[in-house]
Amino acid sequence: MQTVGSKQGVARRDFAPWTDHTLAPLLRIEGLTKRFGAYPAVDNLSLAIYPGEFFALLGPSGCGKTTLLRLIAGFERASAGRILLDGVDLLPVPPHRRPVNMMFQSYALFPHLTVAGNVAFGLKQEGLPKAQIAKRVGEMLALVHLENFGSRKPHELSGGQRQRVALARSLVKRPRILLLDEPMAALDKKLRGETQFELMELQRRLGLTFIIVTHDQSEAMTVADRIAVMDRGHLMQVAPPAEIYEQPNSRWVADFIGSVNLFEGRVGLDGSSVEGTALGRLRVGAKIAAEPGAPVWVAVRPEQLRMGPNPAEPDAQWALENDVAATLADVAYLGDLSIYRLRTAAGVPLQASRANVGPFAPRTIASNDKVWLNFPRAAAIVLTQ
Amino acid sequence: MRKLSAFNLATLVLGIAFLYLPIVILIVYSFNASRLVVVWGGWSMHWYAELAGDAPLLGAAFISLRVALVSATAATVLGTLAAVALVRFGRFRGRLLFAAMIYAPLVMPEVITGLSMLLLFVAISVDRGFWTVVIAHTTMALCFVAVIVQARLVDFDMSLEEAAMDLGASPGRTFMAVTLPLILPAIAASWMLAFALSLDDLVIASFTTGPGATTLPIRIYSEVRLGVSPEMNAVCSIVVAVVGIAVIAASLLTKIGAARGAPAGN
Ligand SMILES: Nc1ncnc2c1ncn2[C@@H]1O[C@H](COP(=O)(O)OP(=O)(O)OP(=O)(O)O)[C@@H](O)[C@H]1O
Ligand SMILES: [Mg+2]
């Protein structure tokens, strides 16, 4: 498998159908609820997905991601709510009549059929002529680089090859929506990276709509146009990857995506500072959308914290207006970057990270050294919930 | 593998001898040239040739074969359906009772099964004969089939069926194209077992048979009551061979099934 050029890996800046209110979504989910006994695995969930989107569902284990996919595929019956595809309610449609296909986490390849037989299975159900089936199976196998494996049985393939057979099998019917349930969970890190780019390339080339479930944040960030962060059956936030990371809408999302330093405080009288945090008064970039005195949280990403031996210059280019003295507790060296755990004089734990570039090795800072941390107003994310 | 100690070896040999010595003696004596059962008169195929001319015995063998074929097939179909119902339809009303009723005949003494069948046939005044034996054997073998097929279905990967439906196969097509091929070895194995069970059953058959439907075990039993003849040794040797082949084939098929049904994951 070759790595696809980096061109496809770049986020599609001009692709944002969800901002255009004149466009009709391909899939609309309204107030969907699924209860197992009394426990709601999916709880009053609403969502719109647009044609051509690569949509990722991200969330902790047991939050209902698989259940949501199975509801869309028709393997679970909703307790309440609707699923509309092109405006048509899918709930009365049995799974074998839904124009969506699913790639199973376990692949679920038919062990008694060959690779070609597996891929042909869906086309056979449509009653296509033999010659046409053979042609489309051939094309599909070529697409996933398995031309020479058509007559093998699934147990004669490697994990990565099986995964590609499962992908080919679920794509060959050209579904309106392809549902992928942790499709790369069984692959090693390198193969996973390559496959992510191949999936994106394939999705854009065929112009299909993908919904992928994943545990892996960087995977969701890499492939998706939009990410939905789920917790306990609810959608916490639905937004493009950069927005999820840079403008999380709640402490929960900020904490779940990446690492973050969180400080609780109250909105200051000027409306653009937070008072009474563990670090004292913090100045933030924009006017806070809350009354002065209201409780808020300030979130700062570790890479936004700059470390230096001295307090920041007041007139520095970056307007590093938030300054804290801290002591380094320990350093985790990760190769491309290092993570620094620090503690203020008052004992507040902080986390900073820095890319390991340039001749200046951050190793000049050692445990128990005193450092100054500062971050610009713009790096402070204010969260009201 | 661990080496067998002398004690273990001795118990093993004793055990096997206990099980198989009578059968080996029977087979050896079926090749005895002497008319006297207990006196060895040298090797001969004489009694096998004699068999070929024994019309009543051949007739009984033919009836047994037909009973076994029909009842094994019927028991396999019904037992498979029962197993599918037990495994697939979740918790329907009366599932526990149904399961218990399927398993009960496994441990029921044959005399009771036979007697109750006889009473049933008498009560509804059915003429006893070929079909009553078939029905009785089907009832007996059905639960063995249900148990074997159910075991296979329980560890069947449900996502395979979901995948088939997801790709557009109706529930019926899914069963025929995915479920059935994968559980086929188990079904074939249970057919073989049902066939063997029917072929050598004496008790149930003697309760439920009627005129013109004397099965081979009944025939052998009545002959032997008048005295053991070398000819009977020959018949029994053939039955042992047929049943042995069926049982070995069944266990091989079960093994193939287990290997084939293994999920294709890592
Ligand atoms: N068939 C079922 N019966 C009862 N509870 C179920 C069933 N399927 C799922 N659940 C419950 O619903 C919740 C959501 O399950 P789901 O499989 O959707 O989680 P998930 O987000 O896919 O988790 P993971 O990331 O671990 O795969 C879990 O608490 C689970 O225990
Ligand atoms: Mg899951």
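This briefing describes the fold, cores and selected residues of a predicted model. Chain A has 385 residues, of which 50% are buried, and it contains 8 helices and 20 strands. An assignment divides chain A into domain 1 (3–253) and domain 2 (259–383). The largest nonpolar core includes residues from chain A as well as Val178(B) among those with the most contacts inside it.

**Overall architecture of chain A**

- The C-alpha trace of chain A spans about 75 × 50 × 40 Å along its principal axes.
- The centres of domain 1 of chain A and domain 2 of chain A, taken over C-alpha atoms, are separated by 39 Å. To the contact, domain 1 of chain A gives 7 residues and domain 2 of chain A gives 6 residues.
- Of the contacts in chain A with a separation of 6 or more, 66% are between residues 24 or more positions apart.

**Surface and charge of chain A**

- Chain A exposes about 17,900 Å², and 52% of this area is supplied by carbon and sulfur atoms.
- Chain A carries 44 positive and 37 negative charges, and the mean positions of the two sets are 7 Å apart.

**Nonpolar cores**

- The largest nonpolar core has 77 residues. Those with the most contacts inside this core are Leu27(A), Ile29(A), Leu57(A), Leu68(A), Leu179(A), Ile211(A) and Val178(B).
- Apart from this core lies another, of 44 residues, among them Ala56(A), Met103(A), Leu199(A) and Ile257(A).
- With residues up to four places away in sequence not counted, Ile211(A) touches Leu27(A), Ile49(A), Phe55(A), Leu57(A), Leu69(A), Ile72(A), Ile177(A), Leu178(A), Leu179(A) and Leu180(A).

**Helix α1 of chain A**

- Helix α1 (residues 65–73) of chain A is largely enclosed by the rest of the structure, because 8 of its 9 residues are buried.
- The buried residues of α1(A) include the charged-type side chains Lys65(A) and Arg70(A). The others are Thr67(A), Leu68(A), Leu69(A), Leu71(A), Ile72(A) and Ala73(A).
- Leu68(A) is also among the residues with the most contacts inside the largest nonpolar core, while Leu69(A) and Ile72(A) are touched by Ile211(A).
- Gly74(A), just after α1(A), takes a positive phi of about 100°.

**Buried residues in contact across chains**

- Gln125(A) is found in helix α2 (residues 115–125) of chain A. This residue has a relative accessible area of 19% and therefore counts as buried, the limit being under 20%.
- Leaving out residues up to four places away in sequence, Gln125(A) touches Leu167(B), Gly168(B), Ala169(B) and Arg173(B).
- Gln125(A) and Ala56(A) are 69 residues apart in sequence, and their C-alpha atoms are 29 Å apart in space.
- Ser159(B) is found in helix α7 (residues 158–166) of chain B. At 11% relative accessibility, Ser159(B) is buried.
- Beyond its neighbours within four places in sequence, Ser159(B) is in contact with Phe104(A), Ser106(A) and Ala108(A).

**Positive phi outside glycine**

- Most residues other than glycine have a negative phi.
- Glu182(A) has a positive phi, near 40°. Glu182(A) is found in the loop between β7 (177–181) and α5 (189–206) of chain A, and it is buried, with a relative accessible area of 12%.
- Arg232(A) also has a positive phi, near 45°. Arg232(A) lies in the loop between β9 (226–231) and β10 (234–239) of chain A, and it is exposed, with a relative accessible area of 58%.

Conventions. Residues are numbered from 1 along each chain as its sequence is written. Chains are lettered from A and ligands numbered from 1 in the order in which they are written. This is a predicted model: local features need pLDDT of at least 70, side-chain atom pairs count only at pLDDT 80 or more; totals for chains, interfaces and linings use all residues. Side-chain values use heavy atoms; hydrogens and water are left out. A nonpolar core is a set of buried Ala, Val, Leu, Ile, Met, Phe, Trp, Tyr and Cys residues joined through side-chain atoms within 4.5 Å. Buried means under 20% relative accessible area, exposed over 50%, partly exposed in between (1.4 Å probe, protein chains only). Contact means heavy atoms within 4.5 Å. Helices (H or I, at least four residues) and strands (E, at least two) are DSSP runs, numbered from the N terminus. Accessible areas come from the Shrake-Rupley method with a 1.4 Å probe; for residues, only the protein chains shown count as cover. The place of a charge is taken as NZ of Lys, CZ of Arg, CG of Asp or CD of Glu. Domain bounds come from an automatic or database domain assignment.
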